[in-house]
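Work through the exercises below with the sequence and the model side by side. Try each task before you read its solution.

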Amino acid sequence: MTNTLLEASELAIEIDGRQLVSSVNFSVGKGSAVGIVGETGSGKSLTCRAVAGSLSTIGGRISAGNLKLNGKDLTDPKAYAKLYGRIIGLVPQNSLSALNPLMRIGTHLIETIKILGTGGGIGTKDRAIDLLARVGLHKPEHVMKQYPHQLSGGMRQRVMIALAIAGRPELLIADEPTTALDVSVQKDIIELLGQLTREENMALILVSHDLGVVSAATENVAVMYSGMVVEYGPTKELLQNPRHPYTKALLAARPSLEHTGRLIGIPGTPATPDAWPTGCRFAPRCQFVQDSCLQNVPTLQSVGSSHQVACYRADEIEILDNAGEV
Amino acid sequence: MTAAAQVPGLASAQPTTRPKQLELRVGITLIALVVLASIFIPIFNTTDPNALVAAPLEPPSLAHPFGTDTVGRDVFIRVFTAGRLDLTLAVLGVIVPLVFGTILGTVIGASRKKALDVVVMRFTDGLIAFPFIILVLMIVLIVGPEATIPPLPPGAPSVLAATWLVNWTTYARLARLRTHILRQEDFISATGLLGYSRTRVITKHLLPSVWPTTATFAVSDLLSIVALIAALPFLGGGIQPPTAEWGSIMYEGRGVISQAWWISFSTVGVVLLLGTGVMMVVDSLVSTSRRALLP
Amino acid sequence: MIAIVRTFWGRILQIVLVALFVTIGTTVLIRLVPGDPARSILGARASDESVKALNSELGLDLPLFEQLTNAVLNLFRGDLGTSFAFRGQDVISLILPSLSVTAALAAIALTLSAVSGIAVGLALALTKRPELDLAGRLVMTVLLATPGFMAGLVLLYIFAINLGIAPAGGWAGEWPDNAKYLWLPALALTAYLGSLVARAVRQAALETIGESFVQAARTRGVPRRRIVMRHVLPNAILPVIPLLGLNAGALVSGAVIVEAVFTLPGLGSRLVEAMASRDLPVVQGIALLAAVSIVVFNLLADLSNMAADPRLRKTH
């Protein structure tokens, strides 16, 4: 029996013939939540687009590897037409430009429900109001009549979530759903995503540059750097026991309300696709770099039951870490 | 075709400038063609544009490439002699309002006194609501259709007076708007902090940045003035016959269009070449059209 | 609501200002016209006494300031005076038939331009064949370089003279026969205005297609046809309304000249006639009506723009 909904293996992505992402491996179980974390240019959004079938709009394509949903091939963009709304739901980055400025919120919802045929026995309009209530909007009847510009960013993002789950998809994909929002609203939206996907037994792919955001709603997380997955494992374990130097640095650079100590930045900047080093792509910025790191690209190796790291010195780092050297 | 330019960092790799360069080159070539023909054809072909050279309404032939008109004058030489006049008037008609309007608009835009701004803007509001052609006809009537300033032919001063009196308003508006935008930019607001004098800010910093905007509009304005001058004979104004002028040639041709299409059409053709060139130059200067595909 | 009311009263105020401006402007301009209006009405052989008498009858011997106050007072009474050339005839009743011709021409041209411009602009933005888009843009460039009266000459030759499917000019004087005389001149005006609309719609549609709400609609399973009709089209049409408002003056100017090409009895011919006979109240009346109708048109454009775009109406 297979419990896997989505599986990516050795996925590579190119735009205009330039390979920007390579050897991405991860899987999403039915009803489970996976996070993808990395900084700008790490390839996390491209990976997300590959899964969402929207690479072609930016001139990109999957150049190698496999992408399977329920065992069916997804590397051909044409496969998506039947999946959108019903199997795959998307929550976009910027909620203001993701709603038609000339259409009422209610019209958006009714349009979607009618097309997906998910009104059920309660009628399209009632179903729309019900969806708005489910995403935590007060006075949903009133919101139905409003235009996008009359809502706050957080409210619009809730509407986008309502639209994404209108077809009861099996997989919800959220690409940086909170970047355009106030910090105070971010947490609510992430918690809503986590809660809804658990209740509806939907799988979730949550993309963010913030490990903290991802940790609130996911069970597994993939950390990406310069177009590769450098660490993958259960979210809790990764947060408590990061094995890749980049993940470590990312955690150290994260502001937090509890710890008031100094933030430690990561020295240097990520390499651009034109100037990727031959060896490990994090090597130029890594404090643990050694000769072997500069020769070959490290691949993901298991370091625990389901924890994988792409680093030649992962074992030593743990020891060094425990010895308090870092 | 690809929208790769939307990906940060890849935008510079897109060769978006090439088609615009082509558009600009074709446009300049078309304009140059008409301008050079108007300059050189009357030099090499010494036929008098007002001489009766053949029978009236003769169709185009080798001797008379554009045929002859209602009294037997050579249309070919008349069209290009007219080109000299129309182009000169268009350039004169554009330059004065361009310079005056740009400077006035920049000064108003840079000024902190509201009163001047309100007065000039209300005035231009009134003028803009006015159908241009009616105003021009009235001015033509006041100056007198026969008025002349040598070497310009009768009718030319009234046309120039009309464009000068009306057209500066558009340039003033454009310049004022541009100045307001510029004032919010750092390099201009910094000059205030540095204590530069108002005059220096206007002449050294504002005008050089306002200029390209109004000058671009001036290119398309050239075409509107050519069209205006050519339209006036249809309304009983403009350059008076027998002077060769595009509008009066077309008007003459309109009367006999069922027998002699070539009189109107040769002029329409030449003006369209010029106009298409002007539109191409303007497009290449302002438009940014990148195609995205509907998924 | 507040925004709508403010726009409405702003435009009404502009109408009043423009009417004042035009009345004062034309009165002053008329004073500057060389020659004596009474003399040109009565002819060169009229006696000095009769010229003087007519001048005083027409109020032309009053000081400029008094003429101005009289003109403004009459304006607020809705009285545009009587014609000089057609003695005793009311200016408004003289102008209205001509105005209706010009208005009909402008209205047909406006409708044709909007419909054809939107259709062509949207088609060019949606086509997957870049060579079609390029060809369409080239045609638009040439048409944009074509003044209405030149397009009129070409259309006149092709449709009226060669094909014989339209009259080469003239006027029936009654509807619906008038339409036969109007469609060709309207087409001539559409060459420019329709291209202007098509270009704006194409550009706006391309921008809309690039917007993420179009992509988002697709990822909700909305079919392509509905995306085009309900999401792209309404947003692509938005810039058309202010564009037409801005070009109202140019449209009237263009109509006046095209009328001359097709010998339609519109404002153009009335104006030329009034100018030739120094019929100053008629000239003034035409200027006033034309200017006011352009501002009224702009008011309608503002209001429909607000009706179309909810972002322009502030409801809270």
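A residue is buried under 20% relative accessible area, exposed over 50%, and partly exposed in between (1.4 Å probe, protein chains only). The model is predicted: local features need pLDDT of at least 70, side-chain atom pairs count only at pLDDT 80 or more, and totals for chains, interfaces and linings use all residues. Residues are numbered from 1 along each chain as its sequence is written, chains are lettered from A and ligands numbered from 1 in the order in which they are written, and side-chain values use heavy atoms, with hydrogens and water left out.

**Exercise 1. Describe the fold of chain B.**

Step 1. Take the secondary structure. Helices (H or I, at least four residues) and strands (E, at least two) are DSSP runs, numbered from the N terminus. Chain B has nine helices and zero strands. Its pattern along the sequence is α-α-α-α-α-α-α-α-α.

Step 2. Check burial. Of the 295 residues in chain B, 52% are buried.

Step 3. Check the contacts, meaning heavy atoms within 4.5 Å. Among chain B contacts with a separation of 6 or more, 69% join residues 24 or more positions apart.

Step 4. Add the surface. By the Shrake-Rupley method with a 1.4 Å probe, the accessible surface of chain B is about 13300 Å². Carbon and sulfur atoms hold 68% of that surface.

**Exercise 2. Locate the largest nonpolar core.**

Step 1. Fix the term. A nonpolar core is a set of buried Ala, Val, Leu, Ile, Met, Phe, Trp, Tyr and Cys residues joined through side-chain atoms within 4.5 Å.

Step 2. Find the hubs. The largest core has 142 residues. Those touching the most other members are B:Leu89, B:Ile133, B:Ile134, B:Trp246, B:Met250 and C:Phe149.

Step 3. Find the main contributor. Helix H8 (residues 178-210) of chain C gives the most to this core, with 14 residues.

Step 4. Place the core relative to the domains, whose bounds come from an automatic or database domain assignment. Domain 1 (2-91) and domain 2 (100-265) of chain C both give residues to this core, so the core lies between them.

Step 5. Inspect one hub. Leaving aside neighbours within four places in sequence, B:Ile133 contacts B:Leu228, B:Leu232 and B:Leu235, along with C:Ser253, C:Val256 and C:Ile257. Another core, of 61 residues, lies apart from the largest one; A:Leu109, A:Met144, A:Leu181 and A:Val221 are among its members.

**Exercise 3. Characterise the two interfaces of chain C.**

Step 1. Fix the terms. Buried area is the accessible area (1.4 Å probe) that two parts lose on being put together, summed over both. A salt bridge is a side-chain nitrogen of Lys or Arg within 4 Å of a carboxyl oxygen of Asp or Glu.

Step 2. Tabulate.

| Pair | Residues in contact | Buried area | Carbon and sulfur share | Salt bridges |
|---|---|---|---|---|
| A and C | 27 from A, 24 from C | about 2100 Å² | 56% | two |
| C and B | 65 from C, 44 from B | about 4800 Å² | 78% | one |

Step 3. Look at chain A against chain C. A:Tyr84, A:Leu102 and A:Glu111 supply 27% of the area that chain A buries there, more than any other three residues. A:Glu111 forms a salt bridge with C:Arg226 (2.6 Å, N to O).

Step 4. Look at chain C against chain B. Here B:Asp283 pairs with C:Arg199 (2.7 Å, N to O).

**Exercise 4. Which salt bridge partners are buried, and which are partly exposed?**

Step 1. Start with the total. There are 19 salt bridges over all chains.

Step 2. Take A:Glu176 and A:Lys44, at 3.2 Å, N to O. A:Glu176 lies in the loop between strand S7 (171-175) and helix H6 (183-200) of chain A, and A:Lys44 in helix H1 (residues 44-52) of chain A, so the pair ties together parts 132 residues apart in sequence. A:Glu176 is buried at 8% relative accessibility. A:Lys44 is buried at 4%.

Step 3. Take C:Arg220 and A:Glu111, at 3.8 Å, N to O. This pair crosses between chains: C:Arg220 is in the loop between helix H9 (212-219) and helix H10 (224-237) of chain C, and A:Glu111 is in helix H2 (residues 105-116) of chain A. C:Arg220 is buried at 5%, and A:Glu111 is buried at 3%.

Step 4. Take A:Arg134 and A:Glu200, with closest N and O atoms 2.1 Å apart. A:Arg134 sits in helix H3 (residues 124-134) and A:Glu200 in helix H6 of chain A, 66 residues apart. A:Arg134 is partly exposed at 27%, and A:Glu200 is partly exposed at 27%.
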